[in-house]
There are 2 protein chains.
Amino acid sequence: MAGFENFPVTSEKDSREAEEEAPEPRDAEGRPMRADARRNYERLVMAARRVFTDEGTGASMEAVARDAGVGIGTLYRHFPKRIDLVEAVYRNDVEELVTAAEKAVANSGPLEAVDEFLQAFVRYAEAKRTLLSELREAFDKDPELKSRSRARIDQALDLVLSRAQRAGVVRGDVDSSEVVSMIAPVCTSSVLTAEQSARLVGLVFDGLRTPAPPR
Amino acid sequence: MAGFENFPVTSEKDSREAEEEAPEPRDAEGRPMRADARRNYERLVMAARRVFTDEGTGASMEAVARDAGVGIGTLYRHFPKRIDLVEAVYRNDVEELVTAAEKAVANSGPLEAVDEFLQAFVRYAEAKRTLLSELREAFDKDPELKSRSRARIDQALDLVLSRAQRAGVVRGDVDSSEVVSMIAPVCTSSVLTAEQSARLVGLVFDGLRTPAPPR
DNA sequence: ATACTATACGGAGGGTGCCTCCGGTTAGCA
DNA sequence: TGCTAACCGGAGGCACCCTCCGTATAGTAT
């Protein structure tokens, strides 16, 4: 429906059903994408992210195509409807959040990793703000998009959170889903500025720490 | 800028500067509006509320004009830009919230009035959800719109809240602005359904009661 | 290396929506 | 009842979303 279903950006370690290591991007029919098609697909998602963050909802498809250096027809070949492009950008942002969690686990201490991930989440939500209404529409059209993305974000946070809990630096009576339930509305609220959201999430971080942080 | 500045719906008892009791609606230059103009203005706001709630952001100006039974030119005479119409609907909703508070104070007991107002607030916020991004734009264009509306809502809640506090049925260590700060993000959050928002506001209401409500 | 074919590319153009302009009509007043 | 200022309404300009189809190219077999 939305052009290409799952553009593999993440490197899933999920061994539940190791059907195939698929580093090769494939199109809807399962055939590998042609090199030029893949190049343009990636360019378009990147351009869309730039243009949407710069111009908000008012950004035009033509502007995205121009920024990507491709024709308007190419854009619509990959993303039949405007909402499909919004969805692709969103999926990309979610995957970046996941890799941010993986990087934090790999490169930072248990507590720092939590802080880094929460900051990444604030940035992620900030970008989401401008297209909030269009995302809502995408969620209405495809409810699974919302639940799957939410599950993926919960997993990502769990990666850093449970590690911090095992290390004893974060209180053990919260799970990642609860934390996301708390910070997601704060970060996407339309009545708060980005700074206020960031501050509130900082308070949540302090609340997670154990023992109590120095005042 | 936005057609007609302050369409008098409320009956302000503010005696700071009683320049004139103005039940007569006036246009930008201070002259009274012609009867047909006033009729169409009101029809347009009502029609816009209907159409926006039904069709969301995708609603067209033509649809509003049709629903109001006026020509497209008339719509643009009153509301030069689409955002001006959104703003008018929003102002109208805020004023209805204020009158809801006044009615609750007049017709219900101290505690029931608080509950009624909170429920009215949930409905108000629910209607606001669909045009959230456009409202954000309106706030950016005219920051005073946001602060004035917020102040007016705070006042409205204070009407019912302080009465309940004087009656001893609501804890005294909260003020209306705090309560609005708490429920506004909850009600406009894009990650919660309307039912979840209503439930959470119900919890806030329980938390306000003193002594603790029966479980 | 070359030829073939499936696939991708890109721009012209249709349809819709926001907004403007101006001639016809009507409310308010003497 | 007549005058004038103000209002009404629809045709049309401009921008944007999206479609269609002829052209160019990647991938493959010889």
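Ala, Val, Leu, Ile, Met, Phe, Trp, Tyr, Cys and Pro count here as nonpolar, Asp, Glu, Lys and Arg as charged, and the others, Gly among them, as polar. The structure is a predicted model, in which local features need pLDDT of at least 70 and side-chain atom pairs count only at pLDDT 80 or more, while totals for chains, interfaces and linings use all residues. Residues are numbered from 1 along each chain as its sequence is written, chains are lettered from A and ligands numbered from 1 in the order in which they are written, and side-chain values use heavy atoms, without hydrogens and water.

**Exercise 1. Describe the surface near DNA strand C.**

Step 1: start with the class make-up. The surface near DNA strand C has eight nonpolar, six polar and nine charged residues.

Step 2: find the closest residues. A residue is near a strand if one of its heavy atoms lies within 4 Å of it. DNA strand C is surrounded by 23 residues, with Arg34(A), Asn40(A), Thr74(A), Met61(B) and Arg82(B) the closest. Of the atoms of DNA strand C that come within 4 Å of the protein, sugar and phosphate account for 70%.

Step 3: assign the surface to elements. Helices (H or I, at least four residues) and strands (E, at least two) are DSSP runs, numbered from the N terminus. At least two residues each come from helix H1 (35-55) and helix H3 (72-78) of chain A, and from helix H1 (35-55) and helix H2 (61-68) of chain B. H3(A) supplies the largest share, five residues.

Step 4: look at individual atom pairs. A polar contact is a pair of N or O atoms within 3.5 Å; within protein, one must be able to donate a hydrogen and the other to accept it, and residues adjacent in sequence count only if both atoms are side-chain atoms. The side chain of Arg34(A) has an N or O atom 2.7 Å from a base oxygen of DNA strand C. Two backbone pairs involve phosphate oxygens of this strand: a backbone N or O atom of Gly71(A) is 2.9 Å from one, and a backbone N or O atom of Asp36(A) is 3.3 Å from one.

**Exercise 2. Repeat the analysis for DNA strand D.**

Step 1: list the neighbours. There are 24 residues around DNA strand D, and Met61(A), Arg82(A), Asn40(B), Gly71(B) and Thr74(B) come nearest. By class, they comprise nine nonpolar, six polar and nine charged residues.

Step 2: divide the DNA atoms. Sugar or phosphate makes up 68% of the atoms of DNA strand D within 4 Å of the protein, and bases the rest.

Step 3: check the phosphate oxygens. An N or O atom in the side chain of Thr74(B) is 2.8 Å from a phosphate oxygen of DNA strand D. For Ala35(A), a backbone N or O atom lies 3.1 Å from a phosphate oxygen of DNA strand D, and for Tyr76(A) a polar side-chain atom is 3.5 Å from a phosphate oxygen of that strand.

Step 4: name the main contributor. H3(B) gives the most to this surface, with five residues.

**Exercise 3. Which residues beyond its close sequence neighbours is Ala65(A) in contact with?**

Step 1: place the residue. Ala65(A) sits in helix H2 of chain A. With a relative accessible area of 4%, Ala65(A) is buried (under 20%; exposed is over 50%, partly exposed in between; 1.4 Å probe, protein chains only).

Step 2: list the contacts (heavy atoms within 4.5 Å). Outside the four places on either side in sequence, Ala65(A) touches Leu44(A), Val70(A), Gly71(A), Ile72(A) and Leu75(A).

Step 3: compare sequence and space. Ala65(A) and Leu75(A) are separated by 10 residues in sequence and by 6.3 Å from C-alpha to C-alpha.

**Exercise 4. Is Asp84(B) buried or exposed?**

Step 1: locate Asp84(B) in helix H4 (residues 82-107) of chain B.

Step 2: read the accessible area. At 3% relative accessible area, Asp84(B) is buried.

Step 3: find a partner. Its side chain makes a polar contact of 3.4 Å with the side chain of Lys141(B).

**Exercise 5. Summarise the fold and confidence of chain A.**

Step 1: count elements. Chain A has nine helices and zero strands.

Step 2: consider burial and contact range. Of its 215 residues, 43% count as buried. Among contacts between residues at least 6 apart in sequence, 67% join residues at least 24 apart.

Step 3: check pLDDT, the predictor's confidence in each residue, from 0 to 100. The mean for chain A is 84, and 84% of its residues reach 70 or more. Over residues 1-24 of chain A, pLDDT stays under 50.
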